[in-house]
Amino acid sequence: MLAYKDMLNGERMNKNITSLTVNIDSCNDFELNIERQNPLSYTVTYPIDAQINTVVFIIAGFGADADSEYIKNLTTFVAETFSVAVVSVTYHCFYSRPAIGAEIGFDDIDIVVLEDILKQYQVDLNGIELTRDNILNALNQAIIHKKATNQLQRNHKVILPMTLIPPNNEYQNFGIMQALDHLYVLQDLKKRIPNLSKELKTVFFGSSHGGYIANLIAKLAPNQVDYVIENSTYVQPPLQYIVGKESDIFKPEFIATWSEHLETNCFTQTVWTTNKNSPYFFSNDRYRIRNLMDEEHLQIMSDHSENKTHYISYHSKYDGLVNVEEKIAYCKLLSEKEFPVKLHLIENKDQIDGKFIKNLDHAMGMSIKELIKKELPAILNESIELKKNSEEKIVYPCDSQEYSIIINDDAITCTCQ
């Protein structure tokens with residue numbers, strides 16, 4: 001565990017609402033045996049003068065919805081409007097996009113490709129400092145020159161693989177540490193906030209990757225999650241986000257345009273590899289624990305559940321990133337395992353209202369705020385049998401390894417053996 005002490009910063013929002021930003025210890029990377037170097041930070045906003053019966057987690061995905069000012073305004077609105085505790089977690093590898101702090105740089109694979117391209121385009125680096133920007137500018141100028149001298153077509157574009165490097169020496173573990181971070185926060189909240197009810201509804205909202213994390217939390221700890229509400233979540237881990245650079249550098253997770261002549265295919269820095277001889281090999285065991293559609297695991301999850309988690313999902317039929325048929329199949333599997341499921345398919349332009357649904361693309365331009373306004377009131381009014389057992393152990397066998405998650409009032413223990 002980290003040697004950090006708790007740090008918290010209280011900010012009074014108004015006479016009834018307060019906000020705390022807290023740093024706590026969280027999990028190490030138990031799969032790869034890598035020790036975490038930084039504390040886990042989360043912010044909770046809640047009413048201080050009433051009993052809190054519901055805690056709402058808002059899980060940001062990749063990109064704009066991870067903007068700190070946006071999250072602050074959203075959590076304040078939800079806490080004030082619905083008198084609930086609202087939590088935002090800066091989970092492991094949270095800052096994985098340039099707009100929120102990731103740097104774009106070169107890893108070892110990028111450098112091998114870069115050297116070939118520099119040679120191919122006869123880029124002269126003599127006399128310049130070998131920084132990222134200088135190298136890319138020199139390559140860009142070489143392309144411009146070759147176009148001007150008719151050595152290249154005018155619409156020719158060079159594509160380079162590059163790496164999104166999160167701050168704080170983090171990397172893309174993908175899913176497991178991110179889900180566990182939320183469970184550590186939930187455990188801390190129960191001790192920290194005095195006016196939380198002992199019979200507490202737990203609700204997890206997320207879009208795209210945020211929704212995937214919400215679903216994975218429910219898989220790892222089904223008796224800690226009452227509701228998962230998500231928009232456009234993938235249900236099988238997309239390999240281009242994990243080992244994509246090693247399999248196909250032309251199928252990136254993020255594209256950054258350097259100039260009209262030069263584009264970079266970006267992948268988040270990761271330790272996972274396709275090399276079977278490496279201790280960091282992303283084996284089928286690693287895939288299965290992250291796969292929400294693993295039928296054996298779904299049955300274990302169902303058998304283990306004290307009360308079944310409720311699932312509410314929105315998905316566009318024309319989602320170009322996440323296959324809608326996979327989402328339909330996933331919801332069908334959940335229903336077969338006796339989980340309450342509502343799937344809202346957005347299938348035609350008549351369903352676009354310009355406010356809640358803005359288009360038929362991935363995530364449909366839907367804001368988390370509108371999703372919460374639509375779904376949370378009914379959840380707050382709904383009477384369900386709450387999950388009362390704070391202690392649980394669940395074991396997921398894979399091909400050659402077994403994942404075990406044990407949760408009690410004082411600790412969370414995760415192993416793969």
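**Exercise 1.** What is the order of the strands in the open sheet of 3 strands?

*Solution.* This is a predicted model, where local features need pLDDT of at least 70, side-chain atom pairs count only at pLDDT 80 or more, and totals for chains, interfaces and linings use all residues. Residues are numbered from 1 along each chain as its sequence is written, and side-chain values use heavy atoms, with hydrogens and water left out.

Step 1. The order is S14-S15-S16, and the pairing is antiparallel. Strands are DSSP runs of E with at least two residues, helices runs of H or I with at least four, numbered from the N terminus; two strands pair if DSSP finds at least two bridges between them.

Step 2. S14 and S16 (412-416) each have a single partner strand, so one side of each is left without a neighbour in the sheet.

Step 3. S15 (residues 402-407) and S16 pair over 5 bridges. Cys414 in S16 is the bridge partner of Ile405.

**Exercise 2.** Find which parts of the chain the salt bridge of Asp181 and Arg36 ties together.

*Solution.* Step 1. A salt bridge is a side-chain nitrogen of Lys or Arg within 4 Å of a carboxyl oxygen of Asp or Glu. The side chains of Asp181 and Arg36 meet at 2.9 Å, N to O.

Step 2. Asp181 lies in helix H4 (residues 176-192) and Arg36 in the loop between S2 (17-24) and S3 (40-47), so the pair ties together parts 145 residues apart in sequence.

Step 3. Both residues, Asp181 and Arg36, are buried, that is, under 20% relative accessible area (1.4 Å probe, protein chains only).

Note on methods:
Buried < 20%, exposed > 50% of the residue type's maximum accessible area, 1.4 Å probe, protein only.
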